[in-house]
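The paragraphs below go through a structure step by step, starting from a contact between two side chains and moving on to pockets, patches and distances. Please keep the sequence and the model at hand while reading.

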Amino acid sequence: MTGTLVNVAAVLAGSLLGLLIKNRMPKRLTEIVFQVLGLFTLFLGVSMALKTNHLIYLIFSLLLGGISGELLRLEERMDRFGAFLKRKLPGNNERFQEGLITAFLLFCMGSMTILGAIEEGINNNPDLLLTKSLMDGFSSIALAAALGVGVLLSAIPLLIFQGSLTILASSVQDFLLPEMIAEITAVGGVMLIGLGINILGIKKLRIMNMLPALLFVVLIVMVFGGS
């Protein structure tokens, strides 16, 4: 789990730096950074979504995942958890939940997270995650400067999610076929498109409620394969 530990350290370091310069960063500079991050997230999401070989798998997994997430109220539960943490922290953290959720999705839904964790789990090669760590470190500076301490605490779910993927990949490496990886990446890409829309302030989409789609796409590929 070397790559994941370095990734978490980079997010922590970047977030701390972002919090230090938070009050010194002009509003217009924050706005342009968010516009760049939003556009890049859209681009990354589209490039990932295009990796699908079966659009029907993609749409059904997203529909089933979105419905399940709504019924489970995942985003509402995350908001309540964020509000709980916010009350426990000193100072004014108005955008705490937004920072926590945005950073978690940005750091965990990318193809580099999935492919990097699988590569380290199967081949013990952390290079892809080390590259991701550099990108996440710089992104966390801007996010923490704009959204506050919630970005710093996103390192915890990052460690759990990415670390679990690495351990899982090492345990079931014969099970993870290229077809499955491609479809997981595509589903994550669509969610990143939604996150980009959120970052740009175009519309508030409940991306957290779509997370179960990552499980549904695995089940769909297992049942129907590459047919």
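Lysine 204 forms a salt bridge with glutamate 75, and the closest N and O atoms of the two are 3.1 Å apart. The model is a predicted one, and this distance is computed from its atoms. Lysine 204 sits in the loop between α10 and α11 while glutamate 75 belongs to helix α4, so the pair ties together parts that are 129 residues apart in sequence. Are the two partners buried or exposed? Lysine 204 has a relative accessibility of 59% and therefore counts as exposed, the cut-off being over 50%. Glutamate 75, in contrast, is buried, because its relative accessible area is 6% and buried means under 20%.

In total, the structure holds 5 salt bridges. Another of them joins arginine 80 to glutamate 76, with the closest N and O atoms 2.8 Å apart. Here the partners are 4 residues apart in helix α4, so about one helical turn separates them. Arginine 80 is partly exposed, with a relative accessible area of 47%. Glutamate 76 also counts as partly exposed, at 37% relative accessibility.

A further salt bridge is made by the side chains of aspartate 136 and lysine 132, at 2.6 Å from N to O. What separates these two along their helix? Both lie in helix α7, residues 127-147, and because they are 4 residues apart, the separation is about one helical turn. Aspartate 136 is buried, with a relative accessible area of 7%. Lysine 132 counts as buried as well, at 4% relative accessibility. Returning to the network of contacts, salt bridges that share partners join Arg73, Glu76 and Arg80 into one network.

Arginine 73, a member of that network, has a backbone feature to check. The residue lies in the loop between α3 (55-72) and α4 (74-88). Its phi is near 55°, which is a positive value in a residue other than glycine. Most residues other than glycine have a negative phi.

On the other side of this loop from α4 is helix α3 (55-72), and the next feature is a surface patch. Ile56, Ile59, Phe60, Leu63, Leu64, Ile67 and Leu71 make a nonpolar surface patch of about 690 Å². Isoleucine 67 is found in helix α3, and so is leucine 64. With a relative accessible area of 36%, leucine 64 is partly exposed. The C-alpha atom of leucine 64 is separated by 9.8 Å from that of leucine 215, although the two residues are 151 apart along the chain.

Leucine 215 leads on to the pocket. Where is the space that the protein atoms leave open, and which residues line it? Rolling a probe the size of a water molecule over the atoms shows where empty space is left. The largest pocket holds about 490 Å³ of space. Its lining has 20 residues, and Leu165, Leu168, Leu214, Leu215 and Val218 lie nearest its centre. The elements that give two or more residues to this lining are α5 (96-108), α6 (111-123), α9 (155-171), α10 (178-199) and α11 (213-224). Helix α9 provides the largest share, 5 residues. By class, the lining has 18 nonpolar and 2 polar residues, and no charged ones.

Two more residues, in helices that contribute to this lining, help to place parts of the chain relative to each other. Glycine 116 is found in helix α6. The residue is buried, with a relative accessible area of 0%. Between the C-alpha atoms of glycine 116 and leucine 128 there are 5.0 Å, and the two residues are 12 apart along the chain. Phenylalanine 216 lies in helix α11. With a relative accessible area of 23%, phenylalanine 216 is partly exposed. Its C-alpha atom is separated by 24 Å from that of isoleucine 156, and these residues are 60 apart along the chain.

Key. Residues numbered from 1 in each chain as written. Predicted model: local features only at pLDDT ≥ 70, side-chain atom pairs only at ≥ 80, totals over all residues. Heavy atoms only, no water. 1 Å grid on protein atoms, 1.4 Å probe; cavity = no way out; pocket = protein on both sides within 12 Å on 5 of 7 lines; lining within 4 Å. Points joined across faces, edges and corners; volume = space filled by probe spheres on them. Nonpolar A, V, L, I, M, F, W, Y, C, P; charged D, E, K, R; others polar. Patch = residues over 30% accessible without salt bridge, like charges linked within 9 Å, V, L, I, M, F, W, Y side chains within 5 Å. Areas by Shrake-Rupley, 256 points an atom, 1.4 Å probe, with all protein chains shown as cover. Salt bridge = Lys/Arg side-chain N within 4 Å of Asp/Glu carboxyl O. Buried < 20%, exposed > 50% of the residue type's maximum accessible area, 1.4 Å probe, protein only.
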